Amino acid sequence: MSKQFQHTAQRAYLERWNDGHGLYLYDKSTGKFTLEQSAKRILGIENMQSEAMENAFRNVERCIGNTGHLGEMKDNELVRSFAEWMALHLVRNALNASGLGGKDYAAEVRRLGLHLGAHFGFWMDFTGDVFITGDNPVVPVVYNGETFYIAALSPRRCVYLVAEDKIPGEGGKPGLMPPRINQLIHNAASRYCVSFDRNLHLEKA
């Protein structure tokens, strides 16, 4: 059987950080950036999953392009789609990659997707490029005793799944803000972060 490179975070998702000149891959272990021309060979390993698992989630991954709205997601089907996408990336990510192998993890994705599907979905958009992502792109956050889930979808947009019908806020504003979100993404990354430039846009120490 020939080796097949498989992404832990899908290529189409990562390419959103490509500004036409490439994207920057940051290695937490070395503190160095490398400029990548595309996401074709980053954030993945050889033969991480079976072909059946590769095919099982093609439709789930397509939802990443369905983001042409603002504010709260009013469409329950859209919430469900994002819940499944976030569940997939909570199960199949760099943190868990070494243990996946030929394992059938579809049941775990379904279970987690049903749990997240009972949440409320919100988008937050920004006028400038501010977000990074990482090799564990969906970040569970505990804030004021509540757990919610956040993922940057592009340099200008992030998505929240929360148990209540409002985004937890800070400083009188709804939602956590960059660079706090980037700091959480950086902290959750096993090794790599992806940025639109040679900067992670983190909180200042």
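**Exercise 1.** In this predicted model, work out how strand S8 is joined to strand S9, and find the bridge partner of Ala-151.

*Solution.* Start with the two stretches: S8 covers residues 146-154 and S9 covers residues 157-162. They run antiparallel, with five bridges holding the pair together. Now pick out Ala-151: its bridge partner in S9 is Val-159.

**Exercise 2.** Place S8 and S9 in their sheet, and explain which strands stand at the edges.

*Solution.* Read off the order first: it goes S5-S9-S8-S7, an open sheet of four strands with antiparallel pairing. Next, look at the ends. S5 (120-125) and S7 (138-143) each have a single partner strand, so one side of each has no neighbour in the sheet. From one strand to the next, the twist averages 25°.

**Exercise 3.** Find out which strands helix H4 and helix H7 meet.

*Solution.* Take H4 (residues 76-91): this helix lies across S5, S7, S8 and S9, at about 90° to S8. Then turn to H7 (residues 180-188), which packs on the sheet and touches S7, S8 and S9. The direction of H7 makes about 115° with that of S7.

**Exercise 4.** Describe how H4 packs with helix H6 (residues 106-117).

*Solution.* Begin with the geometry: the angle is about 135°, and the axes are 8 Å apart. Angles over 145 would count as roughly antiparallel, so H4 and H6 come out as oblique to each other. The crossing is right-handed. Residues making the contact include Val-79 and Ala-83 of H4, along with Leu-112 and Leu-116 of H6. Sorted by class, this H4 and H6 contact has 10 nonpolar, two polar and two charged residues.

Methods:
Residues numbered from 1 in each chain as written. Predicted model: local features only at pLDDT ≥ 70, side-chain atom pairs only at ≥ 80, totals over all residues. Heavy atoms only, no water. Pairing = 2+ DSSP bridges. Axes fitted to C-alpha atoms, helices over the stretch in contact; angles between N-to-C directions. Contact = heavy atoms within 4.5 Å. Parallel < 35°, antiparallel > 145°, perpendicular 65-115°, else oblique. Left-handed = near helix turned anticlockwise from the far one by under 90°. Nonpolar A, V, L, I, M, F, W, Y, C, P; charged D, E, K, R; others polar.
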